Amino acid sequence: MKIVRKGSAAWSGGLKDGKGAISTESGALTSKVYGFAMRFGDEKGTNPEELIGAAHAGCFTMALSKILGEAGFTASQMDTVAKVTLEEADGGFAITTIALSIKAKIPNIDQAKFTELANMAKAGCPVSKLFKAEITLDAQLVV
């Protein structure tokens with residue numbers, strides 16, 4: 001099976017004074033504004049790093065759901081955050097780390113098994129496989 005999805009971006013102007021718009025094929029995002037101040041400052045709007053974070057959190061959580069199911073567990077709730085760090089490096093910028101953090105309610109599983117399965121999901125998630133950045137994981141069961 002081969003699945004192709006599409007995202008797009010439009011831009012006009014210079015780096016610091018220009019503005020762009022990001023869209024997805026599905027229409028979930030349609031011409032969402034982004035720009036320098038949204039990426040490197042505090043101006044409201046989106047930026048590539050938060051979109052990468054959302055994609056990674058979503059992919060990891062779905063992968064974990066699959067792995068849990070194969071092990072005989074079903075989560076009643078999973079909440080994942082992916083913190084993407086963009087830093088100056090080697091004369092430019094690079095995404096250096098992605099910190100995944102999940103809090104999950106899963107009946108009949110202990111912390112050790114949950115950590116094992118969450119680490120499998122971190123390694124096997126297709127979005128994780130894209131990055132050369134360090135990816136960390138904090139997996140917590142909650143009651």
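This passage walks through a sheet, the helices packed on it, and a few side-chain contacts in a predicted model.

The sheet is a good place to start. It is open, has three strands in the order β4-β5-β6, and its pairing is mixed. Strands β4 (77-89) and β6 (134-141) sit at the edges with a single partner strand each, so one side of each is left without a neighbour in the sheet. From one strand to the next, the twist averages 15 degrees. As a bit of background, strands of a sheet pair through backbone hydrogen bonds, and they can do so either parallel or antiparallel. Here, β4 and β5 (residues 92-105) run antiparallel and are joined by 13 bridges. To see that pairing at the level of residues, look for Q77, which stands opposite K105 in β5.

Two helices come next. Helix α2 (residues 48-70) lies across β4, β5 and β6, and runs at about 140 degrees to β4. Helix α3 (residues 111-124) also packs on the sheet, where it touches β5 and β6. The direction of α3 makes about 150 degrees with that of β6.

Helix α3 deserves a slower look. With 14 residues, α3 reaches 20 Å from its first C-alpha to its last, which is close to the 20 Å expected at 1.5 Å a residue. Which residues of α3 are buried? They are F114, L117, A118 and A121. These buried residues cover an arc of only 105 degrees around the axis, which puts them on the same side of α3. The general rule behind such patterns is that an α-helix has 3.6 residues a turn, so residues three or four places apart point the same way. The buried residues of α3 pack against α2, β5 and β6. Over on the other side of α3, A112 and A123 are exposed.

The same helix also holds a salt bridge, formed by the side chains of E116 and K113 at 3.7 Å, N to O. The two residues are three apart in helix α3, so about one helical turn separates E116 from K113. E116 has a relative accessible area of 41% and is partly exposed; K113, at 30% relative accessibility, counts as partly exposed too.

A search of the whole structure turns up four salt bridges, and two others among them tie together distant parts of the chain. In one, the side chains of E43 and K19 meet at 3.0 Å, N to O. E43 is in the loop between α1 (36-40) and α2, while K19 belongs to strand β2 (residues 19-24), and the two are 24 residues apart. Both ends of this bridge count as partly exposed: E43 has 37% relative accessibility, and K19 has 38%.

In the other, the side chains of E49 and R39 meet at 2.5 Å, N to O. This pair connects helix α2, where E49 sits, with helix α1, where R39 sits, across 10 residues of chain. Is E49 buried or exposed? With a relative accessible area of 8%, E49 is buried, because the cut-off for buried is under 20%. Its partner R39, at 36% relative accessibility, counts as partly exposed.

Back at the sheet, a few single residues show how the pieces meet. H56 is in helix α2 and counts as buried, at 0% relative accessibility. What does H56 touch, leaving aside its neighbours within four places in sequence? The contacts are A82, I98, L100, C125, V127, S128, F131 and I135. One of these, S128, is found in the loop between α3 and β6. S128 counts as buried as well, at 6% relative accessibility. Not counting residues up to four places away in sequence, S128 touches H56, K122 and I135.

The last stop is T80, in strand β4. T80 and G58 are 22 residues apart along the chain, and 7.7 Å separates their C-alpha atoms. Residues up to four places away in sequence aside, T80 touches A57, F60, T61, L100, S101 and I102. L100 is thus a name to look for twice: it is among the contacts of T80 and among those of H56.

Key. Residues are numbered from 1 along each chain as its sequence is written. This is a predicted model: local features need pLDDT of at least 70, side-chain atom pairs count only at pLDDT 80 or more; totals for chains, interfaces and linings use all residues. Side-chain values use heavy atoms; hydrogens and water are left out. Two strands pair if DSSP finds at least two bridges between them. Helices (H or I, at least four residues) and strands (E, at least two) are DSSP runs, numbered from the N terminus. Axes are lines fitted to C-alpha atoms, for helices over the stretch in contact, and angles run from 0 to 180 degrees between N-to-C directions. Contact means heavy atoms within 4.5 Å. The expected span of a helix is 1.5 Å times one less than its number of residues. Buried means under 20% relative accessible area, exposed over 50%, partly exposed in between (1.4 Å probe, protein chains only). The arc is that of the directions from the helix axis to the C-beta atoms.
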